Amino acid sequence: MDRTAQLTSRARPTAHSAVYEADVTTHSQHAPPSLHVRAAEMLEANWTGASTVPSRGLYPHQWSWDSAFIAIGLRHLSPLRAQTELETLLSAQWGDGRIPHIVFNPSVPLDAYFPSPDFWRSSTAGRAAGAPRTVQTSGIVQPPVHALAVWLVHQADPGLSRARGFLSRAYPRLAAWHRYLLHRRDLGGGGLASVVHPWEQGMDNSPCWDAPLSRVTPAPARSFRRADLDHGAAEDRPTDLDYGRYVRLASEYRDAGYEDGVGEFAVEDPSFNALLIASEHALARIARELGATGTARHARAERLTGALVERLWDPAEGMFFCRDVVGGALVPERGVSGLVPLILPTLPRDIAAALVRTARGPHFEVGGAARLVPSYDLLGEAFDPHRYWRGPAWFNTGWLVERGLRQHGERAHADALRTTLLETAGTSDFAEYVDPYTGEACGALGFGWTAALTLDLLHQPQQPCGDITTVFGMGDMGDMRVMHDMHGMHDMDEMNEMSDKGGERA
């Protein structure tokens, strides 16, 4: 029996419906026996039959990097459901390789979320870029966690995965996704992928975007209605001015047929690129499972790590910073994105050590005054402990930093952060984000990736240290510090020379 079915006690129909439901109460009427069961119940409540919504009220569709994190947790309950989560997302991939940041549920009313499908017009505005005809999506992307998620889900039940052909069907889509980012989005010419909208990086309202966004003329407030304010306090959400700029950028990108490299916002972000590098390593492992060597992908990940250090590392500050591609300079704002490269296995040791000092220093206070990892510099002028990505702590970035600390041998600090993440997830009712000092819940409750990553932390052994395969539970890939074999014809990506379409479309 599916572990989710075993762990949830409330009755449910034998077939799941994908019909939209408004906000529902997911709390049990009695004290649940464990954090594990509570997290399983949350994920069950957010399941639609094909994917998991981040939040029934605030985010009632499928989100790209949410689904990747959710699948990482779901694999501990139901590997089949975790595979389905990722397959649903990948089936909405565009012909040019991009994986859209939202896949819309047609049963959800248009006014339940903005920007809605009629804003993005993916099937018409995105026709030249190969947008799917049978499903409506957004036209922008989100961080590339997907290959990492696919590999971890495969490992949860390799027999089921092989029987279903999970990896062989996912691989060409993931290869096309990475090719899109590495070629279409290398807007700075230095080898890194750029984001063309703050929503793409996932940390939507970070002060790291303030300077690049200042060039953007906001859309008039009367031209859109903010559905997010129906579910969250205005003082916790982006301002109308910032939101107007988001809308302007998205509408101009849409009106240009979702063509890359023509807008006035392009940023190389350390977290986005670190996750791409981690997923390149995972994609190499998938290639090996399918009979190739994967060495060319490891070598590509090494080159990307070098580019990340060369373009985004500031040794004087001990921090990775965003680069404003249009303006040409680093953005001197300390966001949690600059700590995420700790997850990388071949990050130079002196840089990893400096990042740990920065994380534990006065700007982030991890293990000190801050209960969890703040999303922005505690000493920064724009710091706000409750406003979206301008200070609050999020569970996915906390999970990444915990993995990164463990990656580089900081076991005691990783163990302490893991304990606090689990405690705060339970006391906050799996909140979307929390006050970094007090753990007070903010945003939506019963949030998908908070519940999912709680499960992952509960299931993951507290490894002492090791490469990326150890801290993410990916299995032995050997010593990646000597993975410099450039014989690309041994790698499945080069061997097949697949087109940017990324394989057969659903």
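A residue is called buried when its relative accessible area is under 20%, exposed when that area is over 50%, and partly exposed in between, as computed with a 1.4 Å probe on protein chains only. By this definition tyrosine 437, with a relative accessible area of 39%, is partly exposed. The model is predicted, and local features therefore need pLDDT of at least 70, side-chain atom pairs count only at pLDDT 80 or more, and totals for chains, interfaces and linings use all residues. Residues are numbered from 1 along each chain as its sequence is written, and side-chain values use heavy atoms, with hydrogens and water left out.

Aromatic pairs were sought among the rings of Phe, Tyr and Trp (for Trp, the six-membered ring) with centres within 6.5 Å, where planes under 30 degrees apart count as stacked, over 60 as edge-to-face and the rest as tilted. The whole structure holds 25 such pairs. In one of them, the ring centres of phenylalanine 383 and tyrosine 437 lie 6.3 Å apart with the planes at 80°, so this pair is edge-to-face. Tryptophan 389 and tryptophan 394, by contrast, are stacked, at 4.0 Å centre to centre and 5° between the planes, and both of these residues are buried. An aromatic cluster includes Trp389 and Trp394, together with Tyr388, Trp399 and Tyr433, among others.

Charged groups also meet rings; a charge sits over a ring if NZ of Lys or CZ of Arg is within 6 Å of the ring centre and within 35 degrees of the ring normal. The charged end of arginine 81 lies over the ring of tryptophan 47, 4.4 Å from its centre, and that of arginine 254 over the ring of phenylalanine 119, 4.8 Å from its centre.
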